[in-house]
Each structure stands twice: as C-alpha cells, then as structure tokens.
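Thank you all for coming. I would like to walk you through one model today, and I will begin with a single helix and work outward from there.

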Amino acid sequence: MPEFYEIRVKGHLDPYWSDWFADLEICPLDGDETLFSGYLADQAALHGLIKRIRDFNLTLVSVNAAAPPSHDDRKGDCNDED
C-alpha cells in the first residue's frame with residue numbers, strides 16, 4: 001500500500017526535476033532546503049529514491065512518513081498560483 005512521504009534535502013531544486021524523483025512534488029523552502037512530498041509504492045521505492053538523492057550528491061536532511069496534507073493544509077504550497 002502506498003505511503004505518503006516528506007523528504008528534505010539541502011539546496012534548492014527546481015520543480016522540473018520531479019520526473020527524476022518518482023514524480024514527487026518538489027518545493028523549494030526557505031533556508032536553502034527542498035521538500036519532496038508524495039506517495040511512494042513501498043519501501044523499495046523509498047530506498048530507490050534515497051539512492052537517487054545520493055547519486056545526485058544531495059545532502060539528505062530528513063525522511064518522514066506523514067499523513068497526506070488536507071486540502072486546507074495545502075494553501076500556499078508550490079502548486080498554488082497567486
């Protein structure tokens with residue numbers, strides 16, 4: 001069963017890198033970090049993503065299994081256009 005993850009790395013990546021990172025949403029954050037968020041199919045997919053982060057020489061900050069954000073929580077996320 002897919003699980004929702006939030007993964008933080010140091011540095012800023014543009015959202016167009018999403019295809020390289022399991023189609024997760026990529027959101028640059030304040031403080032020179034980037035948040036990857038979305039569903040991964042299983043632990044193998046998570047380990048594959050972490051390996052790709054390593055291969056791109058990104059510094060892993062955190063990996064969290066999380067509840068998916070509700071519609072109200074997503075206000076101001078990377079996909080919203082003001």
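**The helix and its two faces**

On helix 1, the exposed residues A44, H47 and R54 sit on the face that is turned away from the buried side of the helix. Before I go on, please keep in mind that what you are looking at is a predicted model.

What, then, is on the buried side of helix 1? The buried residues there are L46, L49 and I53, and when one looks down the axis of the helix they fall within an arc of 65°, so they line one face. As a reminder of the general background, an α-helix has 3.6 residues a turn, so residues three or four places apart point the same way. The cover over the buried residues of helix 1 includes strand 1, strand 3 and strand 4.

The length of helix 1 can be checked with simple arithmetic: at 1.5 Å a residue, its 13 residues should span 18 Å, and since the C-alpha atoms at its ends are 18 Å apart, the two figures agree. As for the ends, D42 caps the N-terminal end of helix 1, with a side-chain oxygen that lies 3.2 Å from the backbone nitrogen of A44, while just after the helix N57 takes a positive phi of about 60°.

**The sheet underneath**

Let me now step back to the whole chain. The protein comes to 1 helix and 4 strands, and from the N terminus on these elements run β-β-β-α-β. The strands form an open sheet with the order 2-3-1-4 and with antiparallel pairing, in which strand 2, residues 25-29, and strand 4, residues 60-65, are the edge strands, each pairing on one side only. From one strand to the next, the twist averages 15°. Helix 1, which covers residues 43-55, packs on this sheet and touches strand 1, strand 3 and strand 4, and its direction makes about 10° with that of strand 1.

How are the individual pairs of strands joined? Strand 1, residues 3-10, and strand 3, residues 33-40, run antiparallel and are joined by 8 bridges; within that pair, E3 has L40 of strand 3 as its bridge partner, and R8 stands opposite L35 of strand 3. Strand 1 also pairs with strand 4, again in the antiparallel sense, over 5 bridges, and here the partner of Y5 in strand 4 is A65.

That leaves the pair of strand 2 and strand 3, which run antiparallel and are joined by 5 bridges, with L29 bridged to E33 of strand 3. The hairpin that these strands make has 3 residues between them, and in it G31 takes a positive phi near 85°. Although strand 2 is an edge strand, 4 of its 5 residues are buried, so it is largely enclosed by the rest of the structure.

**Two residues outside the strands**

I would also like to point out two positions that are easy to pass over. A66 is placed in the segment after strand 4, and its relative accessibility is 24%, so it counts as partly exposed. A66 and Y5 are 61 residues apart along the chain, yet their C-alpha atoms are separated by 5.6 Å; and, leaving aside residues up to four places away in sequence, A66 touches F4 and E6.

Is S18, in the loop between strand 1 and strand 2, buried or exposed? At 16% relative accessibility S18 counts as buried, because the cut-off for that class is under 20%. Once residues up to four places away in sequence are set aside, S18 touches D23, L24 and I26.

**The chain as a whole**

To finish, here are two figures for the protein overall. Of its 82 residues, buried residues make up 29%, and among contacts with a separation of 6 or more, 63% are accounted for by residues 24 or more positions apart. The picture I would leave you with is an open sheet in the order 2-3-1-4, with helix 1 packed on it and the exposed residues A44, H47 and R54 on the face of that helix turned away from its buried side.

Definitions and conventions:
Residues numbered from 1 in each chain as written. Predicted model: local features only at pLDDT ≥ 70, side-chain atom pairs only at ≥ 80, totals over all residues. Heavy atoms only, no water. Pairing = 2+ DSSP bridges. Helix = DSSP H or I, 4+ residues; strand = E, 2+ residues; numbered from the N terminus. Axes fitted to C-alpha atoms, helices over the stretch in contact; angles between N-to-C directions. Contact = heavy atoms within 4.5 Å. Expected span 1.5 Å × (residues − 1). Buried < 20%, exposed > 50% of the residue type's maximum accessible area, 1.4 Å probe, protein only. Arc of directions from axis to C-beta. Polar contact = N/O pair within 3.5 Å; in protein donor to acceptor, adjacent residues only side chain to side chain.
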